[in-house]
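Here's a quick briefing to read with the model open beside you. Skim the bullets in any order.

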Amino acid sequence: VQLQASGGGLVQAGGSLRLSCAASGGTFSRYAMGWFRQAPGKEREFVAAVTWSYTTDYADSVKGRFTISINNAKNTVYLQMNNLKPEDTAVYSCAAAPSIATMIHSANYWGQGTQVTVSS
């Protein structure tokens, strides 16, 4: 099972980025997929998640700015990040689990991280 993340980069404050995470090598038809992030010196934190039935959940810090979506046919999850702030700078990692609650507690699968840097 592999989760392949892409789309990170450097952007100025107020800008936008879109992250993608494609799952392969397993059956993800009824899985939840999501994103976590870890900034230097800080613990990893939940960002957003979406289920196969399009239920979503967001961290309070990103509500109204980030949008998560899923393409079930492609086993791919997307994170559209708008109005980025310097405090959004972190390594973003995608994850998959049977439910959002399970993912937040202990995700079954993890992808490699992608760096997002927001300059002020």
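Leaving aside its neighbours within four places in sequence, which residues is serine 6 in contact with? They are Arg18, Leu19, Ser20 and Thr114. Keep in mind that this is a predicted model. The rest goes through the strands, the core, the aromatic rings and a few single residues.

**Around serine 6 and the β1-β3-β8 pairing**

- Serine 6 sits in strand β1, which covers residues 2–6.
- Serine 6 counts as partly exposed, because its relative accessibility is 38%.
- One of its contacts is Ser20; the two serines are 14 residues apart in sequence, yet their C-alpha atoms are 5.3 Å apart in space.
- β1 pairs with β3 over five bridges, in the antiparallel sense, and within that pairing glutamine 4 has alanine 22 of β3 as its bridge partner.
- β3 also pairs with β8, again antiparallel, this time over six bridges.
- Serine 20 turns up here too, with tyrosine 78 in β8 as its bridge partner.

**Glutamine 80 in β8**

- Strand β8 also holds glutamine 80, which is partly exposed because its relative accessibility is 27%.
- Its side chain makes a 2.9 Å polar contact with the side chain of asparagine 82.
- Beyond four places in sequence, glutamine 80 touches Ser16, Leu17, Arg18, Arg65, Phe66 and Thr67.
- Between glutamine 80 and serine 69, eleven residues apart along the chain, the C-alpha separation is 8.2 Å.

**The six-stranded sheet**

- Six strands make up an open sheet with mixed pairing, and they run in the order β2-β10-β9-β4-β5-β6.
- At the edges are β2 (9–12) and β6 (56–58), each of which pairs on one side only.
- On average, neighbouring strands in this sheet are turned by 25° against each other, ignoring direction.
- β5 (residues 45–50) and β6 run antiparallel and are joined by three bridges.
- In that pairing, alanine 49 is opposite aspartate 57 of β6.
- As a reminder, strands of a sheet pair through backbone hydrogen bonds, either parallel or antiparallel.

**Threonine 51, between β5 and β6**

- Threonine 51 is in the loop that links β5 and β6.
- Threonine 51 is buried, since its relative accessible area is 13% and the cut-off for buried is under 20%.
- Not counting neighbours within four places in sequence, threonine 51 contacts Tyr31, Ala32, Ile70 and Ile100.

**The nonpolar core**

- The largest nonpolar core has 40 residues, and Trp35, Leu79, Met81 and Tyr92 are the ones with the most contacts inside it.
- β9 gives the most to this core, contributing six residues.
- Tyrosine 92 has a long list of contacts beyond four places in sequence: Leu19, Trp35, Phe36, Arg37, Val47, Phe66, Leu79, Met81, Gln112, Gly113, Thr114 and Val116.
- That list includes Trp35, Leu79 and Met81, which are also named among the residues with the most contacts inside the core.

**Aromatic pairs**

- The count of aromatic pairs comes to three.
- Tyrosine 31 and tyrosine 109 form a tilted pair, because their ring centres are 6.1 Å apart and their planes are at 35°.
- Tyrosine 31 is in the loop between β3 (17–24) and β4 (32–38), while tyrosine 109 is in strand β10 (residues 109–119), so this pair ties together parts that are 78 residues apart in sequence.
- Tyrosine 31 is buried because its relative accessible area is 18%, whereas tyrosine 109 is partly exposed because its relative accessibility is 29%.
- Phe36, Phe46 and Trp110 are linked into a cluster by ring pairs.

**Aspartate 88, between β8 and β9**

- Is aspartate 88 buried or exposed? Aspartate 88 is buried, because its relative accessible area is 1%.
- Aspartate 88 is in the loop between β8 (76–81) and β9 (90–97).
- The side chain of arginine 37 makes a 2.9 Å polar contact with the side chain of aspartate 88.
- Leaving out residues up to four places away in sequence, aspartate 88 touches Arg37, Arg65, Phe66, Asn83, Val116 and Val118.
- Among these, Arg37, Phe66 and Val116 also appear in the contact list of tyrosine 92.

Definitions and conventions
Residues numbered from 1 in each chain as written. Predicted model: local features only at pLDDT ≥ 70, side-chain atom pairs only at ≥ 80, totals over all residues. Heavy atoms only, no water. Helix = DSSP H or I, 4+ residues; strand = E, 2+ residues; numbered from the N terminus. Buried < 20%, exposed > 50% of the residue type's maximum accessible area, 1.4 Å probe, protein only. Polar contact = N/O pair within 3.5 Å; in protein donor to acceptor, adjacent residues only side chain to side chain. Contact = heavy atoms within 4.5 Å. Pairing = 2+ DSSP bridges. Axes fitted to C-alpha atoms, helices over the stretch in contact; angles between N-to-C directions. Core = buried A, V, L, I, M, F, W, Y, C linked by side-chain atoms within 4.5 Å. Phe/Tyr/Trp six-rings, centres within 6.5 Å; stacked < 30°, edge-to-face > 60°.
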